[in-house]
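Welcome! Here are a few exercises to work through with the structure in view, each followed by a worked solution.

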Number of protein chains: 2
Amino acid sequence: MEKNFESGNPRKIAIIGRGNVATHLSEAFKGKADVCLVNPHTLEGIQEEPDLILLCVSDDAIEALSRKLHDIDSVVAHTSGSVSLSALKDTGKHYGVFYPLQTFTKNIPLNYSEIPVFIEASSPEVKNLLYEIASLFTNSIHSAGSEERRKLHLASVFACNFTNAMANIGFNILSETGIDPKVLLPLMRQTVDKLKWQNPGQAQTGPAARGDIGTIGKHLDMLKDSPELREIYSEITRFISSSLKI
Amino acid sequence: MEKNFESGNPRKIAIIGRGNVATHLSEAFKGKADVCLVNPHTLEGIQEEPDLILLCVSDDAIEALSRKLHDIDSVVAHTSGSVSLSALKDTGKHYGVFYPLQTFTKNIPLNYSEIPVFIEASSPEVKNLLYEIASLFTNSIHSAGSEERRKLHLASVFACNFTNAMANIGFNILSETGIDPKVLLPLMRQTVDKLKWQNPGQAQTGPAARGDIGTIGKHLDMLKDSPELREIYSEITRFISSSLKI
């Protein structure tokens with residue numbers, strides 16, 4: 001018998017995982033779907049015939065977990081940026097990817113309605129279901145194939161993980177002063193907010209963008225005890241100079 | 001005669017400069033002081049006996065401009081992160097630094113009340129005046145000597161200019177896809193907002209923080225046509241790994 005993707009409200013969603021993605025997604029769906037947070041080791045407590053099983057586990061665990069779900073006639077989707085759709089092919093006929101582009105942290109609140117969700121699916125019916133379910137909490141829903149998702153993931157390493165590393169270096173530089181490093185936060189916030197109006201190529205400021213060799217030299221001198229930070233400073237300065245020349 | 005730092009309200013402030021700092025500061029003081037935006041070349045239109053003359057010009061132009069103001073019995077302050085207080089010593093007796101830690105862009109709105117202002121002064125009276133004037137628009141006022149201010153400026157190059165460079169790389173990676181690179185903005189916003197609750201050392205996530213060598217290898221492979229970006233990726237990945245080991 002063909003699977004019937006229609007259902008009475010609310011949708012039943014089983015979220016398998018114990019980490020921050022699982023916790024935050026279950027919070028995002030709260031009051032909007034019948035959500036169940038399921039331990040990936042025991043799989044206990046999963047609803048009867050959920051519309052969607054969302055795998056919120058580490059990349060390495062996705063394929064093995066999906067095989068355990070072979071007998072369940074639900075759509076199964078993983079939530080990873082770097083794992084292909086095909087990793088779920090042993091699950092059964094109906095599978096997809098539901099990739100939320102966000103950094104999820106325990107006990108730190110999030111505006112769920114702004115989280116971009118990237119969808120890939122084994123069929124148009126699965127795609128429709130994943131769009132419908134994403135729309136329960138967000139207005140930003142997109143299609144992305146496995147190759148595009150890999151690029152999104154790489155881009156987010158620069159935009160999120162490496163931005164945090166830049167903040168870390170800034171905080172470390174101020175730690176030797178009596179100044180609370182949190183004074184950097186309004187500046188960082190504005191650096192991001194500007195990008196609503198300007199692309200980062202236009203928005204680039206600072207000594208590297210001005211070609212201010214005097215200040216760059218002074219900064220490298222201040223970093224003379226840290227070859228690692230000097231190298232990072234030089235490389236990014238070179239990138240800014242060359243990207244503005246293009 | 002000793003200078004009298006008291007004055008009737010409102011304070012008279014002459015802002016000398018034509019750039020974004022000058023424009024934004026005059027906007028910040030709007031309705032809160034008698035502000036005059038003055039062309040640095042002609043110095044025309046400066047008020048009679050302003051309480052404060054704020055120099056919002058490039059670092060190289062500060063010293064020469066301050067000498068031109070030798071005869072005026074106003075407090076003179078520059079707004080630069082990397083220029084010493086002593087650059088103003090030829091101005092006369094009363095001088096200081098009024099350094100707003102923010103990125104100022106034409107036509108992009110700002111929450112002035114959050115901008116940290118760092119003050120250094122030639123005397124306690126000047127310091128009091130600069131605090132009073134900063135408090136017209138912000139709640140975040142701090143003392144910082146020339147050495148601390150240099151560190152603030154270096155920290156802000158990482159936190160602002162280099163963060164923008166990370167965004168630029170992320171946007172470039174997505175430019176080859178059909179995806180609007182602005183999908184990265186909620187992620188970047190949250191990356192910054194998290195730092196209200198966690199320091200960046202605790203907040204670090206991503207493949208480098210997890211020691212996920214498989215993903216790091218895939219990312220380096222995706223960057224194989226850009227030695228510059230590979231180098232930046234590797235250096236920052238090394239920094240994250242080593243900073244988490246400490």
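**Exercise 1.** In this predicted model, find the salt bridge between Asp193(A) and Arg189(A), and work out whether each partner is buried or partly exposed.

*Solution.* Start with the distance: the closest N and O atoms of Asp193(A) and Arg189(A) are 4.0 Å apart. Next, place the pair: both residues lie in helix 5 (residues 185–193) of chain A, four residues apart, about one turn of the helix. Now apply the cut-off: buried means under 20% relative accessible area. Asp193(A) has 13%, so Asp193(A) is buried. Arg189(A), with 25%, is partly exposed.

**Exercise 2.** Do the same for Glu63(B) and Arg67(B), whose side chains meet in a salt bridge.

*Solution.* First, the N to O distance is 3.8 Å. Then, both residues belong to helix 2 (residues 62–68) of chain B and sit four residues apart. Finally, Glu63(B) has a relative accessible area of 32%, so Glu63(B) is partly exposed. Arg67(B), at 45%, also counts as partly exposed.

**Exercise 3.** How do the axes of helix 4 of chain A and helix 4 of chain B cross?

*Solution.* Look at residues 146–175 in each chain: the two axes come within 8 Å and cross at roughly 175°. Angles over 145 degrees count as roughly antiparallel, so helix 4 of chain A is roughly antiparallel to helix 4 of chain B. To finish, sort the residues of this contact: 20 are nonpolar, four polar and two charged.

Methods. Residues numbered from 1 in each chain as written. Chains lettered and ligands numbered in written order. Predicted model: local features only at pLDDT ≥ 70, side-chain atom pairs only at ≥ 80, totals over all residues. Heavy atoms only, no water. Axes fitted to C-alpha atoms, helices over the stretch in contact; angles between N-to-C directions. Helix = DSSP H or I, 4+ residues; strand = E, 2+ residues; numbered from the N terminus. Parallel < 35°, antiparallel > 145°, perpendicular 65-115°, else oblique. Nonpolar A, V, L, I, M, F, W, Y, C, P; charged D, E, K, R; others polar. Buried < 20%, exposed > 50% of the residue type's maximum accessible area, 1.4 Å probe, protein only.
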